[in-house]
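Here's a short set of exercises to work through with the structure open beside you. Have a go at each task before you read its solution.

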Amino acid sequence: MGMIYLIRHFKVMDTSKSWMNSAEFDQWVKDYDGFDLDDSPLLLPPGDQLYRSSYSRAIKTAQSLSVPYTLSHLLIEVDPHSFIKTSLPLPKWLWLVMARIQWYFNSSHGENRIDTMRRIEEFCTSCKLSQN
């Protein structure tokens with residue numbers, strides 16, 4: 001089998017505040033896909049197939065690399081959600097860590113870890129990738 005690349009995205013230029021309440025965090029998550037990217041030069045060695053998600057930041061990254069790619073809705077990231085509704089500002093890193101903990105223990109409001117594993121299996125099957 002040849003070389004396969006999974007393209008995520010360039011670094012997101014996030015200039016938002018680092019402390020936010022739950023409503024501000026949930027809005028930040030919605031806005032994140034539209035933030036500007038630091039499209040630093042990147043040279044990829046030749047590969048047989050490049051896959052990317054349907055997020056606009058992944059599309060922008062793949063287009064700036066000027067290489068052919070295949071879009072897969074199965075490669076989307078798991079969107080974090082606030083773990084508590086509060087007007088108390090908390091650090092952004094805490095919101096993100098708590099969202100990942102909820103995901104890991106399958107108690108998130110969105111996709112949980114079991115759903116993510118199913119999606120990964122579906123992607124590998126659709127690409128005919130083995131578990132090796």
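**Exercise 1. Cysteines**

Does Cys-124 count as buried, partly exposed or exposed? Work that out in this predicted model, then decide how many disulfides there are.

*Solution.* Start with accessibility. Cys-124 has 24% relative accessibility, so it goes down as partly exposed. Cys-127 sits at 16%. Buried means under 20%, so Cys-127 counts as buried.

Next, check the sulfurs. The cysteine sulfur closest to that of Cys-124 belongs to Cys-127, 7.0 Å away. A disulfide needs the two sulfur atoms within 2.5 Å, so this distance is too far for a bond. Cys-127 is in no disulfide either, its nearest cysteine sulfur being that of Cys-124. The final count is zero disulfides.

**Exercise 2. Layout of the chain**

Write down the order of helices and strands from the N terminus on, and say how many of each the chain has.

*Solution.* Walking along from the N terminus, you get β-β-β-α-β-β-α-β-β-α-α. That makes four helices and seven strands. For the overall dimensions, the C-alpha atoms fill a box of roughly 50 × 35 × 20 Å along the principal axes. Now look at contacts with a separation of 6 or more: 60% of them join residues 24 or more positions apart.

**Exercise 3. The core**

Find the largest nonpolar core and say which element gives it the largest share.

*Solution.* First, the background: nonpolar side chains tend to be buried together in soluble globular proteins. Here, 33% of the 132 residues count as buried. The largest nonpolar core has 15 residues, and those with the most contacts inside it include Phe-25, Trp-28, Tyr-32 and Trp-95. Strand S1 (4–7) and helix H1 (22–32) each supply at least two of its residues. H1 takes the prize with four, the largest share.

Then zoom in on Tyr-32. Leaving out residues up to four places away in sequence, Tyr-32 touches His-9, Val-12 and Arg-57.

**Exercise 4. The surface**

Which residues make a nonpolar surface patch of about 550 Å²?

*Solution.* Begin with the whole chain: its accessible surface is about 8,700 Å², with 59% belonging to carbon and sulfur atoms. The patch itself is made by Trp-93, Val-97, Ile-101, Tyr-104 and Phe-105. Take Trp-93 as the test case. You'll find Trp-93 in helix H3 (residues 92–104). Its relative accessible area is 56%. Exposed means over 50%, so Trp-93 counts as exposed.

Methods. Residues numbered from 1 in each chain as written. Predicted model: local features only at pLDDT ≥ 70, side-chain atom pairs only at ≥ 80, totals over all residues. Heavy atoms only, no water. Buried < 20%, exposed > 50% of the residue type's maximum accessible area, 1.4 Å probe, protein only. Patch = residues over 30% accessible without salt bridge, like charges linked within 9 Å, V, L, I, M, F, W, Y side chains within 5 Å. Areas by Shrake-Rupley, 256 points an atom, 1.4 Å probe, with all protein chains shown as cover. Salt bridge = Lys/Arg side-chain N within 4 Å of Asp/Glu carboxyl O. Core = buried A, V, L, I, M, F, W, Y, C linked by side-chain atoms within 4.5 Å. Contact = heavy atoms within 4.5 Å.
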